[in-house]
Amino acid sequence: MDGQGLGKKSLSASRTWMVIDTNGRTKILEVEKHAIMHRVGIHARDLRILDPLLSYPSTILGRERAIVLNLEHIKAIITAEEVLLRNPADTNLVPIIEELSRGLPIHTIAHDTDGSGVEANMESNDVQNQLSIGQEVEADENTSPFEFRALEIALESICSFLDARATELEAAAYPALDELTSKISSRNLDRVRKLKSGMTRLTARVQKVRDELEQLLDDDEDMAELYLTRKLAMPASPDSESEFPASPTIGSRITAASRGRTVTTNTHGSEDDIEELEMLLEAYFMQIDGTLNKLNTLREYIDDTEDYINIQLDNHRNQLIQLELILSSATVVMAIFSLVAGIFGMNIPYPWNTNHGYMFKWVVLLTGLVCFAMFSALLFYARYRGLIGT
């Protein structure tokens, strides 16, 4: 029963979407994948990239009517009119949901001929109609398309999220490494090992996002595919219309977008003009590249610490070898002394042992002097050859 309940819970989470429109209003949808495919006009393979149960690398794909966005925990579909976030119950998505609701709406202020600001809610209906037309033109000229604003918020959120994780890792790693250099212990080594493992995983995540942005910046055609508003103002291809009918949200503004095609062309230039998107992606590419450089610097510091610890361990190992050499030399000398003592300690009668008791002290003294001289000679030879330190 527990397994079935967990499976139903995961399936329910995978079918939950949050829709955020141009006014920042949010709405929860419980729909099947085919309904999402029909709504935004993407294929099943694109929707599979956003499946939280599957592991896919960071991806930003431009399709005919949508942008498929898979950046870490942010799994979204961006259209020219709305943003669909998958699994909105994820706590990591709370900041980006708030930012999308706050940043997507456009608050415009019209200006009169003298340049002074006049608010949109005028008392006269005729003046208000004229200002609404002027507002629409000014908004098209001075604001980015909806999909770019949503993409910018997503990129800012993921770059800030990864940079915060890198900063937390730095704050924990540098003191741990300094403590390890001052005292090598099992506890400190295990602590640094866990930090290095976390750094490796975080570096891989940052590298994936950076590679995706770099690949997108290197391909002008892929960047041009992200201009959904521009493509919306153009005649749609018969194939795309027959396969994926327009959603009610997008279809309601096709006529308005066609009327503003001249303004859009003047705003964004020709179809090959991707300067606005390129500047947007370059800004966050530099930010994620800075995060990656921060992690690489931390990796170099860890490598330097490991080298320093290995040098210390090698030094201790050399000291042990020197001690072993000294003890081995002392053992050889004591073996000679024991040999002499063993010879004179044999219970064998010989004539010169009678009435010669004073010989005992001379034998012990001379043997000790000879052994000490041999030990000193061995140490002098070892120092001369550089086998032990001075």
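**Entry 1. The cavity**

I looked for enclosed space in this predicted model and found one cavity of 30 Å³ or more. I noted a volume of about 30 Å³ for the largest cavity.

I then asked which residues line the largest cavity. I listed L69, I74, A76, I78, V83, L85, I96, L100, A150 and A154. I sorted this lining by class and counted 10 nonpolar residues, with no polar and no charged ones.

Next I asked which elements each supply at least two residues of that lining. I recorded the strands β5 (74-78) and β6 (82-86) together with α4 and α6. I noted that β5 gives the most, with three residues.

**Entry 2. α4 against α6**

I turned to the two helices that take part in the lining. I took helix α4 as residues 94-103 and helix α6 as residues 146-182. I found that their axes come within 10 Å and cross at roughly 150°. An angle over 145 degrees counts as roughly antiparallel, and therefore I entered α4 as roughly antiparallel to α6. I recorded the crossing of α4 and α6 as right-handed.

I looked up which residues meet in this contact. On the α4 side I wrote down I96, E99, L100 and G103. On the α6 side I wrote down R149, A150, I153, A154 and S157. I divided the residues of this contact into five nonpolar, two polar and two charged.

I compared this contact with the cavity list. I96 and L100 of α4 meet α6, and I96 and L100 also line the largest cavity. A150 and A154 are among the residues of α6 in the contact, and A150 and A154 likewise appear in the lining.

**Entry 3. α6 against α7**

I followed α6 to helix α7, residues 186-218. I found the two packed at an angle of about 155°, with their axes 10 Å apart. I entered α6 as roughly antiparallel to α7, because of that angle. I noted a left-handed crossing of α6 and α7. By class, I listed 18 nonpolar, two polar and five charged residues in the contact of α6 with α7.

**Entry 4. α6 against α14**

I asked at what angle α6 and helix α14 pack. I took α14 as residues 275-344 and found an angle of about 15°, with the axes 10 Å apart. An angle under 35 degrees counts as roughly parallel, so I entered α6 as roughly parallel to α14. I recorded that α6 passes α14 in a left-handed crossing. I divided the residues of the contact of α6 with α14 into 22 nonpolar, eight polar and seven charged.

**Entry 5. Backbone angles in two loops**

I returned to the strands and looked up phi in the loops beside them. I placed E72 in the loop between β4 (67-71) and β5. I read phi of E72 as near 55°, a positive value in a residue other than glycine.

I placed N87 in the loop between β6 and α4. I read phi of N87 as near 50°, again a positive value in a residue other than glycine.

I noted finally how these loops relate to the cavity. The loop with E72 leads to β5, and the loop with N87 lies between β6 and α4. I had already recorded β5, β6 and α4 among the elements that each supply at least two residues of the lining.

Note on methods
Residues are numbered from 1 along each chain as its sequence is written. This is a predicted model: local features need pLDDT of at least 70, side-chain atom pairs count only at pLDDT 80 or more; totals for chains, interfaces and linings use all residues. Side-chain values use heavy atoms; hydrogens and water are left out. Axes are lines fitted to C-alpha atoms, for helices over the stretch in contact, and angles run from 0 to 180 degrees between N-to-C directions. Helices (H or I, at least four residues) and strands (E, at least two) are DSSP runs, numbered from the N terminus. Angles under 35 degrees count as roughly parallel, over 145 as roughly antiparallel, 65 to 115 as roughly perpendicular and the rest as oblique. A crossing is left-handed if the near helix is turned anticlockwise from the far one by less than a right angle, and right-handed if clockwise. Contact means heavy atoms within 4.5 Å. Ala, Val, Leu, Ile, Met, Phe, Trp, Tyr, Cys and Pro count as nonpolar, Asp, Glu, Lys and Arg as charged, and the others, Gly among them, as polar. On a 1 Å grid over the protein atoms alone, a cavity is a set of points where a 1.4 Å probe fits but cannot get out, and a pocket is an open set with protein on both sides within 12 Å along at least five of seven lines; lining residues have an atom within 4 Å of a point. Grid points are joined across faces, edges and corners, and a volume is the space filled by probe spheres set on the points.
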